[in-house]
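Please open the model in your viewer, with side chains available as sticks, and follow the selections below in the order in which they are given.

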Amino acid sequence: MSVAKKDYKRITTKSLIEMKSNGEKISMLTAYDYTMAKIVDTAGVDVILVGDSASNVMAGHETTLPITLDQMIYHASSVVRAVERALVVVDLPFGSYQSDPKEALRSSIRIMKESGGHAVKLEGGKEIKESIKKILHAGIPVMGHLGLTPQSIYKFGTYSVRAKEEEEAEKLIEDAQMLEKIGCFGVVLEKIPADLAKKVADSISIPVIGIGAGGGVDGQVLVIHDMLGMNNEFSPRFLRRYLNLYEEMTGAISQYAADVKSSDFPNEKEQY
Ligand code: KIV
């Protein structure tokens, strides 16, 4: 599906909740720059996440920890300039909300004012409840993120599936219900068993968007570089690759380099 210009209604947090209650699945993808965001929006994706995965795929860091609030605002403002339909959700980066609720609010206000994003996303459950409440009280929509939370990678020590044990699964359900109760408009569940994710989605009325959480949830999110096959080093089981852009782009770029070397490019029609 692609959305013809003006043949759309802007997606809001309210429309996402309505989509869940109507049984309509929600599509979400990351984007970090103007050109990619324009393509994703035109293709009809409902939610664009300016994820802190920009730290990995845009900047080449091993984890999401190094990306700064200023860098997230730069990426988000480029995305917002391109988008006409999708809801733009922006990740609060590591170190911009964990200290205390006032810091969380200050960082969220900067994102909303300086990037024009529509909502923020934070990783964590009851540990950051007061911060989420503070942001919500300021009128800023919040999306939660539970399960594998990459900002805590040094605590987990691995990117493997979370909440396989009963204690962690129970905490995750409680956290998701708490996020709904305090007023979040949605929650991302990353890399948890499909049965647990479905149980969470069935137990709350706000949309649950999964990544590596099976098909029983209300929508799906992927990192755009992964689903377009731009990065051939990352192949978790949950990933479906829709293109192999790594090969396509390498082929096109080597052809260009060869054409320049052989003086094939530019030809007579490609000059003034
Ligand atoms: O940063 C990100 O891209 C994310 C998704 C993996 C959900 O948080």
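Select Glu127 to begin: with a relative accessibility of 54%, this residue counts as exposed, where exposed means over 50% relative accessible area, buried under 20% and partly exposed in between, with a 1.4 Å probe and protein chains only as cover. The model is a predicted one, in which local features need pLDDT of at least 70 and side-chain atom pairs count only at pLDDT 80 or more, while totals for chains, interfaces and linings use all residues. Residues are numbered from 1 along each chain as its sequence is written, and side-chain values use heavy atoms, with hydrogens and water left out.

Now add Lys171, whose side chain meets that of Glu127 in a salt bridge at 2.7 Å, N to O; a salt bridge here is a side-chain nitrogen of Lys or Arg within 4 Å of a carboxyl oxygen of Asp or Glu. Because Lys171 lies in helix H8 and Glu127 in the loop between S4 and helix H6 (129-137), the pair ties together parts that are 44 residues apart in sequence. Helices (H or I, at least four residues) and strands (E, at least two) are DSSP runs, numbered from the N terminus. Lys171 itself is partly exposed, its relative accessible area being 30%.

Stay on helix H8, which covers residues 166-182 and contains Glu170. Glu170 is partly exposed, at 44% relative accessibility, and together with Glu166, Glu167 and Glu174 it forms a negative surface patch. Patches are made of residues with over 30% relative accessible area and no salt bridge, like charges being joined within 9 Å and nonpolar side chains (Val, Leu, Ile, Met, Phe, Trp, Tyr) within 5 Å. For the charged kind, Lys and Arg count as positive and Asp and Glu as negative, whereas His and the chain ends are not counted; the place of a charge is taken as NZ of Lys, CZ of Arg, CG of Asp or CD of Glu.

Next, select Glu168 and Arg162, which form a salt bridge with their closest N and O atoms 3.1 Å apart. Arg162 is buried, with a relative accessible area of 15%, whereas Glu168 is partly exposed at 30%. Beside Arg162 in the numbering, move to Ala163, which is found in the loop between helix H7 (153-156) and H8 and is buried, with a relative accessible area of 4%. Which residues is Ala163 in contact with, leaving aside its neighbours within four places in sequence? They are Glu168, Ala169, Leu172, Ile192, Pro193 and Leu196, contact meaning heavy atoms within 4.5 Å.

From Ile192, step back to Lys191, in the loop between strand S6 (186-190) and helix H9 (194-203). Lys191 has a positive phi of about 45° although it is not a glycine, and it counts as buried at 19% relative accessibility. Most residues other than glycine have a negative phi, and most peptide bonds are trans.

For another salt bridge, select Asp91 and Lys121, with 2.8 Å between the closest N and O atoms. Asp91 belongs to strand S3 (residues 87-91) and Lys121 to strand S4 (residues 119-121), so this pair ties together parts that are 30 residues apart in sequence. Both Asp91 and Lys121 are buried. Then display Asp70, Arg110 and Glu114, which are linked in a network of salt bridges; a search of the whole structure finds 11 salt bridges.

Two histidines come next. His75 lies in helix H4 (residues 69-82) and is buried, with a relative accessible area of 10%; beyond its neighbours within four places in sequence, His75 is in contact with Tyr32, Val50, Ala54, Met58 and Ile67. His225, in helix H10 (residues 224-227), counts as buried at 11% relative accessibility, and with the same neighbours left aside its contacts are Tyr32, Val57, Met58, Met230 and Asn231.

Finish in the segment after H11, where Ser263 is found. Ser263 has a positive phi of about 65° although it is not a glycine, and it is exposed, with a relative accessible area of 59%. In that segment too lies Pro266, joined to Phe265 by a cis peptide bond with omega about -5°. Phe265 also makes, with Tyr256 and Val260, a nonpolar surface patch of about 290 Å², the area coming from the Shrake-Rupley method with a 1.4 Å probe, in which, for residues, only the protein chains shown count as cover; Tyr256 lies in helix H11 (residues 245-261).
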